[in-house]
Each structure stands twice: as structure tokens, then as C-alpha cells.
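Hello,

Here is the structure I promised to pass on to you. Please open it next to this message, and I will walk you through what turned up.

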Amino acid sequence: LQGDWSSDVCSSDLRIFAFSRVGDTLKLGLKKVASLSEYQDSTRVTRAASGSSFDWNLYVSALNLEDKPLYFCSETVPAQFSSIHRTTDNNDLGRRFPRGTCFALTAHHTGSSVNNALDHEELERDLVSIKPSSGRIMTGFAFIPGARETLQKRLFLTSPQHHASAMEPIVAELARKYGQAAFYRYVWREEAVVQELVATVSCQTVSSFPIVSVVPAPYPPMFAEPSYHSIFLGRKKTKEVLLEFQALRQDVIPPDFWRAMSSILDDVIPSVKADHPVLVIEGLDGTGKSTLCDNLSKVIPNATLLATPPKPLLQFRASFDGYPALIRRAYYSLGNYIAAKEILSAAKTGPVIVDRYWHSSAAYAIASEVECGGKDSIPPQGHEVYRWPHDLLKPDLAVLLVVSAEVRMRRMGVRGGVKTKEEEWLERSQKFQERLLGSYERMEFPSLLKVDANGSKEEVLAAVLKVIQDR
């Protein structure tokens with residue numbers, strides 16, 4: 001046990017182990033029960049660090065729908081938290097909550113963020129394999145208001161009512177696989193939705209409460225917990241995530257190469273300007289970044305063209321793009337720090353042009369972290385996720401190329417090749433595009449200067465050269 005824990009109750013088979021700390025003495029109590037439902041306090045945890053006592057029924061959940069998340073909770077929760085308020089629209093839940101029976105599961109465990117990310121993705125694959133033909137898999141999250149480290153990703157599996165009884169033991173088996181003591185079942189009772197907490201061992205209902213829709217948070221709560229989201233604001237988190245991932249997946253990066261790369265994250269680059277100007281070109285896929293960067297490198301005397309991810313990491317890009325966002329974004333963050341050293345070196349002889357840098361890493365991470373809604377679903381201007389990392393070399397100028405959706409899609413069609421997850425999202429989700437552009441627009445220190453890139457490559461080149469001259 002680490003830290004000051006008290007009354008940490010957990011279940012193992014049908015025995016309940018209750019730990020309590022009194023001064024320097026750790027006391028252990030053991031209670032054997034016939035079923036989990038006989039001892040409902042098995043789901044209650046008290047942490048002295050947060051000073052709050054909570055159980056499974058205190059969670060506020062959010063179901064990601066295309067337009068915006070649907071926030072809901074047990075009808076007893078708003079009375080216990082001053083920050084949680086029921087919506088004034090009494091029909092909101094009835095209109096938006098899925099019909100039939102809905103199961104909610106998580107693979108979350110306190111501690112390893114990398115393990116949680118890997119397990120969550122595996123759970124999603126498992127749910128795909130058992131999903132009824134007419135069912136759906138939906139994403140979401142849950143948290144306890146005001147309690148730190150309670151945020152967890154959730155997956156919702158919908159099932160027609162006549163399939164629910166057959167699905168329940170399969171869902172229970174999945175919950176056991178991922179070490180969960182219980183899972184949620186949502187059923188319609190007349191015009192109300194009831195949340196039932198089901199023990200995984202006995203499949204008995206532990207508790208049952210009607211749910212109500214509540215006023216959404218100003219922005220998703222994952223952005224308030226740096227250990228949870230996939231935006232990297234410094235090398236410390238980058239190294240921690242990659243070290244943990246390397247220990248779990250040693251076959252992805254050869255150990256010798258990883259040691260060389262991780263040493264870069266230990267180096268401290270002084271907060272100094274490069275010897276010559278550094279220009280970064282950003283934009284969505286298909287806006288003409290690579291073409292512009294190539295043309296700029298030809299017309300600016302002694303210019304060096306660099307790109308992220310840098311060449312030493314390119315051989316691993318396909319592998320990392322197949323992993324969850326936290327791990328994938330750690331890879332791109334490592335690429336930014338390697339690129340910083342390359343930029344400093346190249347800038348000794350002339351200007352440096354960089355095809356994507358930290359702005360892209362952060363913008364794509366923010367846009368994909370939310371999973372639904374448009375620009376109003378991401379954090380507001382001034383939030384820390386938009387601020388340039390304090391330990392990463394800054395560019396002198398950063399330009400954002402913007403084009404119409406029609407022009408971008410036409411250029412993407414000409415490109416061909418293998419598409420990343422983000423490129424696929426850009427094609428099928430207008431909301432994702434809104435979140436992504438909104439993230440770029442809110443970047444600061446340095447912010448991005450927009451340039452209309454709908455014209456010919458000669459016109460775009462002339463526009464960017466004018467921006468450079470004006471600066």
C-alpha cells in the first residue's frame with residue numbers, strides 16, 4: 001500500500017478484505033459472504049487523500065452522441081453535489097438515450113494509464129465480436145464530481161430487448177476478464193430509464209435507480225486531468241508513457257534504439273532562439289502543406305526543409321498509428337523533441353522550414369479526445385492544452401493553411417496511399433473537422449497565422465512569402 005489510504009474495500013471471489021489505517025498500524029478485516037449483493041459496501045471506496053466517500057452509483061456518465069455528449073446520472077446524485085444540476089428539458093433523456101437494453105463496461109484500473117488505454121481498446125474489439133447484428137457500440141466516459149482520479153472511459157453496448165437476457169452472461173464474462181466487480185445495465189421502465197448495477201460474479205442486481213439527464217460540463221472533464229488525456233505538454237509525460245509502453249511491448253521498438261531515443265528526452269534544450277528563423281507550416285491533411293514547404297525551401301536562400309515525425313522515427317510510424325491515442329501521441333511528441341535538435345543544428349547555416357510540429361500533435365489529440373460535438377465541445381481559449389510546452393524549441397513563425405472542404409477532398413483524392421485514423425475521421429465527420437480547426441485557432445505562444453490556400457500553388461507561395469516579409 002502506498003500513500004495514506006483508509007477503508008479501501010475490494011472484493012476477491014466472495015471474500016471482502018477491508019483495510020484500515022490507524023496511526024502507524026494497518027488493520028485487516030475479513031468477511032466471507034454468500035454473494036456480492038449481500039455486502040453492497042464492497043463497491044464503496046473511501047480515500048483520505050480526497051476526503052470523499054463514493055460508490056458506483058455516484059458516477060456521472062456521458063454517452064458520446066454525434067451532436068454532443070448526453071450527461072446523465074442516478075436521480076439521487078444531483079442532491080449530493082452542488083455542481084450537478086438536472087436539465088430543464090424533461091424530455092432530453094427520452095429523446096436521446098438508446099432504446100432497448102444498454103450495457104456499460106470499463107477496463108479502467110487505478111494506476112497505469114498505458115495499461116488502461118491498451119485494455120480499453122481490447123475491450124472495444126471484444127464488444128465488436130459479441131455485438132448483436134442490430135446492436136451498437138458507443139463510447140463515453142464517467143466521473144465522480146470533485147473526486148480526482150475517478151475519470152474513466154466507458155463503452156456502451158446496445159441490444160434489442162429480446163436479446164438482453166442472452167447477452168447478459170456474455171457481458172458479465174467480459175467484465176470479469178477486465179477485473180471489474182460490476183457493470184451497468186440500463187433498461188426502459190415505461191418512459192423512464194433505470195440504471196442497474198449488476199455484480200459480475202452472481203449477475204445479481206446490486207442497486208437500481210432511475211437516471212436523469214444533467215447539465216453538461218463546460219467542456220469534457222478529461223482535460224482537467226493531464227494523466228488522462230493524450231496532449232503532451234512536456235517531455236516528462238512523454239518519457240513516462242513511452243517507458244511504460246516499452247516495458248509492455250518490447251517488440252515494437254528495439255531496446256538499443258529506444259535507449260538512444262529516450263536519452264534525447266533527458267537532454268535539456270536551452271530556451272534560446274535558433275541562429276536563423278524557423279518557420280512552421282500547419283494545416284489539415286490535403287491543404288497543400290508539403291507542396292508549399294518544398295517550394296519555400298527552393299526560394300528561400302540556404303533554407304533547410306524538415307518534417308515531423310523526423311526520419312529516425314518514420315520506420316515505427318505505422319506500428320504506433322495502430323495503438324491507442326495516448327501511445328500514438330507519445331510517439332509524435334517524441335518526434336517533436338527529436339525534431340527540435342535537428343532544427344537547432346540546421347538553423348546554424350540558414351532558415352529552417354518545418355512541415356508540421358507541436359501544433360499538429362496537440363490539435364489532433366484535442367479533437368480526437370472529445371469524440372463528439374463541434375468546436376463548442378473543446379476547451380475554451382486560454383486553456384493549458386493550447387500552450388506551447390515550456391521545454392520545446394519554439395518557431396519564429398507558424399502558419400495555418402486553410403482551404404474549403406471541396407478543395408481539400410479533391411486534393412486528398414489525388415494523393416491516395418494509406419490513411420491514418422485521423423484522415424479517416426476527417427473524411428467522415430464534419431464535427432471532427434470543426435474540433436480540429438477550433439483547436440488550431442486557439443493555439444497560443446505562438447499562435448498560428450491563417451493563410452487562404454484555396455488558390456494555385458504559386459498563389460499560396462506568394463501569400464506565405466508576403467506573411468514572412470511582413471513579420
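To start with a small puzzle: the charged end of which residue sits over the ring of Trp 188? It belongs to Arg 99, and the distance from the ring centre is 3.6 Å. Do keep in mind as you read on that this is a predicted model. A second contact of this kind involves Arg 154, whose charged end lies over the ring of Tyr 59, 4.9 Å from the centre.

Since we are on rings, the whole structure holds 16 aromatic pairs. One of them joins Phe 72 and Tyr 186 edge-to-face, with 5.5 Å from centre to centre and 90° between the planes. This pair brings together distant parts of the chain: Phe 72 belongs to strand 7 (residues 69-74) and Tyr 186 to strand 11 (residues 182-189), 114 residues apart. Both Phe 72 and Tyr 186 are buried. They are also members of a cluster linked by ring pairs, together with Trp 56, Phe 97, Phe 156 and Tyr 184.

Next, have a look at the open sheet. Five strands make it up, in the order 15-16-14-17-18, with parallel pairing. Strand 15 (304-307) and strand 18 (449-452) are the edge strands; each has a single partner, so one side of each lacks a neighbour in the sheet. On average, neighbouring strands here are turned by 25° against each other, ignoring direction. Within the sheet, strand 14 (residues 278-283) pairs with strand 16 (residues 352-355) in the parallel sense over four bridges, and Ile 281 stands opposite Asp 355 of strand 16. Helix 9 (residues 325-346) packs on this sheet and touches strands 14, 15 and 16. The direction of helix 9 makes about 175° with that of strand 15.

Two helices also deserve a glance. Helix 13 (residues 430-441) has twelve residues and spans 17 Å from its first C-alpha to its last, close to the expected 16 Å. Its buried residues include Phe 432, Leu 436 and Tyr 440, along with Gln 433 and Arg 435.

In helix 2 (residues 113-130) you will find Asn 115. Its relative accessibility is 31%, so Asn 115 counts as partly exposed. Leaving aside residues up to four places away in sequence, Asn 115 touches Glu 244 and Leu 248. Asn 115 and Glu 244 are 129 residues apart in sequence, yet their C-alpha atoms are 8.7 Å apart in space.

Happy browsing, and best wishes!

Notes. Residues are numbered from 1 along each chain as its sequence is written. This is a predicted model: local features need pLDDT of at least 70, side-chain atom pairs count only at pLDDT 80 or more; totals for chains, interfaces and linings use all residues. Side-chain values use heavy atoms; hydrogens and water are left out. The expected span of a helix is 1.5 Å times one less than its number of residues. Buried means under 20% relative accessible area, exposed over 50%, partly exposed in between (1.4 Å probe, protein chains only). Two strands pair if DSSP finds at least two bridges between them. Axes are lines fitted to C-alpha atoms, for helices over the stretch in contact, and angles run from 0 to 180 degrees between N-to-C directions. Contact means heavy atoms within 4.5 Å. Rings of Phe, Tyr and Trp (its six-membered ring) pair if their centres lie within 6.5 Å; planes under 30 degrees apart count as stacked, over 60 as edge-to-face and the rest as tilted. A charge sits over a ring if NZ of Lys or CZ of Arg is within 6 Å of the ring centre and within 35 degrees of the ring normal.
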